[in-house]
Amino acid sequence: MDSVGSRSSEPAAISGSAVVSGSDSANRKRCRSVSLKRNFSRNLYQLIVRQLHNDGFFSAASAVADATGVVVPRLDENADRLSKLVSWGISVEESCVSSLRNFSSTEVVERYIRASKVYMPFHISESSSVGQMAYRMSERFTSSSLGGVLRCVSFSSDGSLVACGGTNGLCAVFSLKTIEDLTALEEIRQEHQYRSLDGSSGSGCGVRNASNKITELAEARRFHEHTQSVETMRFHPSKPLLLTGGVDGTLYVRDYSQPNNRIVHKLRDSVPIRSGVFHPSGDYILYATDDTETRLLNICTGNIMTPNLTSSMRQPLAFVPSVKVGSFASPHKKGGDVGHTAALCGVDFSSDGRLFASCGMDGSVLLYDGIGGNVVASVNNAHSSVPVTSVTFSRTGNILLTAGMDSVARLWDLRRLDGAGNSFTEVMSFGEPGKCNHRSIRAAFSSNESHVLCQDTSLLAIHAYCVYTGDTSYSLTVPSHMQRGFATSPFCNAVISGGEDCRMRLWTPAWTAV
């Protein structure tokens, strides 16, 4: 009779034929032999059998061994290894979840803005780790030519994918891990060849040929439905969906999880689409066009709503259904009405979806209630009477980052309103003011929001400014080629950019201490 304590009476090895014989053995369902040829499957079943035997479940151990057809020698050797591995895995998973939660709550721009300019605990402002962060960035990878000037680039929410769109209507999605792995292998190969460690001589395939191969292998998806320039690209916050919009007035939402790039939603507008962003829930899309009003698209129903703008910014209002897409008319602004008076350039949602912001060619920035759609605050001439081309919320939603055609990036504290409660306060600005005639000027936060990145007036360089000191920490420069678009990774110090040479570039920290 079996008992929990009678392990010595068990055989030294368990196999399927050692436990069940006769007709019962024939009725057992065995896995295919090919599965046991895989080391992972065989090791997994051996660990399960050992753990069951170690815990005293001898019959269950024999049943698993018989069902899988695995042979387990030396049952008492590392018998509790499975429980240790599972315990370690759970602790690592909890640690990752905790790290992600801490990253989202602590690595925010308020940590780096000086205490005199924003509400921040004094002990954090005096911390030795604040204000001491500087990086050297190097050009890690340059893709082959994608056939058109790259106007927009974007990271996925987990930072594993990058997407880019060009003036030729091309949209492409790349695997960042594949790019990094293949680039690392190519660097090692070239170093070995340079040192003649591989016993070869000659140049082999050049850097350009290697770049072409890496681009081809790393490209996960490609689609070409847009007939004109692609102006905006955004990944869905949780699903494998990609938003694209362009000058041709079309907006696509694609499912890139399958090779056929199934179109989930298609929208046709009468004016060019300049910017678009998913709601944090993923159920809505907010987009900006050359019209003066933002549009909110319900992905599930296909309905489009626009904010109901009136002169009162305190009265609770609601989104109102828009007229049929394709027949928008420029709204007539009355004396006390609020709203943009020129084409829009950018929109963005706060992380909780309670607020969204828009900016336009009239130089104004508007802040809306994300639920009702009413304007809660606005700033006219936010960038000295020049158009404001981009707007971005910080991770907490308390700080707003804008960029204008003066090549200056500005931070606005949304918790500090003026006496009337209708305008928010500027706390910092970065960059030298200058005249720029390009709508491509953008500003973005680094992954931990310690830096603000913005192009200069020539668009030949992207400068990273330390939020604490206001100084330039590093610059990403491409001689003679304007960088029309760039994006920062959500979790690491990596930047992708695209420009007039039709190539996408990946910038990563150099291994040189500063």
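1. Let us start with the aromatic rings. The count comes to 5 aromatic pairs, in what is a predicted model. One of these pairs is Phe356 with Tyr368: the ring centres are 4.4 Å apart and the planes meet at 10°, so this pair is stacked. Phe356 belongs to strand 16 (residues 355-360) and Tyr368 to strand 17 (residues 365-369), so the pair ties together parts that are 12 residues apart in sequence. Both Phe356 and Tyr368 are buried. Phe349 joins in as well, since ring pairs link Phe349, Phe356 and Tyr368 into a cluster.

2. Another pair to look at is Trp412 with Phe424. Is this pair stacked or edge-to-face? The ring centres of Trp412 and Phe424 lie 5.7 Å apart with the planes at 85°, so the pair is edge-to-face. Trp412 sits in strand 21 (residues 409-417) and Phe424 in strand 22 (residues 424-430), so here too the pair ties together parts that are 12 residues apart in sequence. Trp412 is buried at a relative accessible area of 5%, and Phe424 is buried at 4% relative accessibility.

3. Rings can also meet charges, and there is an example to find on your screen. The ring of Tyr252 has the charged end of Arg254 sitting over it, at 4.6 Å from the ring centre.

4. Stepping back, here is the overall picture. The protein has 29 strands and 8 helices. Of its 514 residues, 49% are buried. Contacts between residues at least 6 apart in sequence join residues at least 24 apart in 55% of cases. About 24200 Å² of the protein is exposed, and 51% of that comes from carbon and sulfur atoms.

5. A word on the cysteines. A disulfide is a covalent bond between the sulfur atoms of two cysteines. How many disulfides does the structure hold? The number is 0. Take Cys359, which is in no disulfide: the nearest cysteine sulfur belongs to Cys345 and is 5.6 Å away. A disulfide needs the two sulfur atoms within 2.5 Å. Cys359 is buried, with a relative accessibility of 0%, whereas Cys492 is partly exposed at a relative accessible area of 35%.

6. Now for the salt bridges. A search of the whole structure turns up 19 salt bridges. One of them pairs Glu139 with Arg505, whose closest N and O atoms are 3.1 Å apart. Glu139 is in strand 1 (residues 137-142) and Arg505 in strand 29 (residues 504-509), so this bridge ties together parts that are 366 residues apart in sequence. The partners sit in unlike surroundings: Glu139 is partly exposed, with a relative accessible area of 36%, while Arg505 is buried at 8%.

7. A salt bridge within a helix can be seen between Asp181 and Lys177, with 3.5 Å from N to O. Why are the two separated by about one helical turn? Asp181 and Lys177 are 4 residues apart in helix 7 (residues 176-194), and that spacing is about one helical turn. Asp181 is partly exposed, at 37% relative accessibility. Lys177 is exposed, with a relative accessible area of 55%.

8. Glu219 and Arg222 also meet through their side chains in a salt bridge, at 2.8 Å from N to O. Glu219 is partly exposed at 22% relative accessibility, and Arg222 is partly exposed at 43%. Elsewhere in the list of bridges, shared partners join Arg151, Glu231, Arg274, Asp290 and Arg439 into one network.

9. Finally, have a look at Ser358, which is found in strand 16. Is Ser358 buried or exposed? Ser358 is buried, its relative accessible area being 0%. Leaving aside residues up to four places away in sequence, Ser358 touches Thr294, His340, Gly346, Val347, Ser364, Val365, Leu366, Tyr368 and Val391. Tyr368, named among those contacts, is the ring partner of Phe356 in the stacked pair described at the start. As for Ser275, which is 83 residues from Ser358 along the chain, the two C-alpha atoms are separated by 9.8 Å.

Notes
Residues numbered from 1 in each chain as written. Predicted model: local features only at pLDDT ≥ 70, side-chain atom pairs only at ≥ 80, totals over all residues. Heavy atoms only, no water. Phe/Tyr/Trp six-rings, centres within 6.5 Å; stacked < 30°, edge-to-face > 60°. Buried < 20%, exposed > 50% of the residue type's maximum accessible area, 1.4 Å probe, protein only. Lys NZ or Arg CZ within 6 Å of the ring centre and 35° of its normal. Contact = heavy atoms within 4.5 Å. Areas by Shrake-Rupley, 256 points an atom, 1.4 Å probe, with all protein chains shown as cover. Salt bridge = Lys/Arg side-chain N within 4 Å of Asp/Glu carboxyl O.
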